[in-house]
Amino acid sequence: MRSVTIGSNHGTGPLGRPLRYAESDARAFHSGLRTQRVHDLTDCDLLIAPLRAEDVRQAVRNKASGARPGDLLLVYFAGHGVVEDEPGHGDGLFLACSGGSASDPLSGSIRLADVVKMCESSAAASAVVVLDCCFSGHPQGRSVLGPEYLRKLQTGRPLRRRSLPPPRGSGRIILAACGENQYAHESSALGHGLLTWALLRTLRAAGPTEAVSVARLYASLQETLLRKTKGEQCPSLYGGDHGSSLPTFFS
């Protein structure tokens, strides 16, 4: 297994409020990975803010290009998703690794489409991207709207709702915290983002099996989050799992 686990509580410059649990979510997920019994753990990175966006991009690139046939490539991100209008750059969805600057809030972010492309081109048998963030712009969620996007909203012109880029290829999957128009909750009672809380709960409860199929995992997360949020947050699954699985976490 080759994995990059990323956590950042940072907002993006003056736009985003700090999160409370994204970094501890990443630490908990990485700790869980270290208890699994299926894969070799020699190439698993934990990246916690403050981070340089280029360092995060390079870490993902190294894992994707170094993966071999039969490997699981896993990228986990907890933090702010950023929506910005960028002509000529596709979906305009970013992952905020650090605070950026007032003049360039995206300077601390990496483009989600770049992460997906690296996973698509990898030789790994399966590539799974887990996103405990959202792109709704909701002030209580894990997302931020960029300044250009906000300026266009203020003109009253309708803007196309940005969609996650669907990964292409067998076993290429994005597991996202919620739907396009929903937001990713954090819970002070649980001390987690809700997707990560449910993900850890499911992977820890899956024993005695050593792996959980993505299909089974998604069904459990969907049921848990819909019940917990009374229908306000439903995780989304993009791509074709083709029998992909994640390893069970043990105590």
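**Two helices and a nonpolar core**

Guide: In this predicted model, helix 1 and helix 5 (DSSP runs of H or I, at least four residues, numbered from the N terminus) are roughly parallel to each other. Residues are numbered from 1 along each chain as its sequence is written, and side-chain values use heavy atoms, without hydrogens and water. Local features need pLDDT of at least 70 and side-chain atom pairs count only at pLDDT 80 or more, while totals for chains, interfaces and linings use all residues.

Visitor: Why are helix 1 and helix 5 called roughly parallel?

Guide: Their axes, which come within 10 Å, cross at roughly 15°; since angles under 35 degrees count as roughly parallel, the pair is therefore given that name. Helix 1 passes helix 5 in a left-handed crossing, the near helix being turned anticlockwise from the far one by less than a right angle.

Visitor: Which residues of helix 1 and helix 5 meet?

Guide: Asp25, Ala28 and Phe29 in helix 1 meet Thr196, Leu199, Leu200 and Leu203 in helix 5, contact being heavy atoms within 4.5 Å. By class, this contact has five nonpolar, one polar and one charged residues.

Visitor: What surrounds leucine 203 beyond its neighbours within four places in sequence?

Guide: Leucine 203 is in contact with Phe29, Val212, Leu217, Leu246, Pro247, Thr248 and Phe249. Leu203, like Phe29, Leu74 and Leu217, is listed among those with the most contacts inside the largest nonpolar core, which has 39 residues. Helix 5 gives the most to this core, with seven residues. Apart from it lies another core, of 34 residues, including Val56 and Leu95.

Visitor: What makes such a set a nonpolar core?

Guide: Its Ala, Val, Leu, Ile, Met, Phe, Trp, Tyr and Cys residues are buried and joined through side-chain atoms within 4.5 Å, buried meaning under 20% relative accessible area with a 1.4 Å probe, protein chains only.

Technical notes: Buried < 20%, exposed > 50% of the residue type's maximum accessible area, 1.4 Å probe, protein only. Axes fitted to C-alpha atoms, helices over the stretch in contact; angles between N-to-C directions. Parallel < 35°, antiparallel > 145°, perpendicular 65-115°, else oblique. Nonpolar A, V, L, I, M, F, W, Y, C, P; charged D, E, K, R; others polar.
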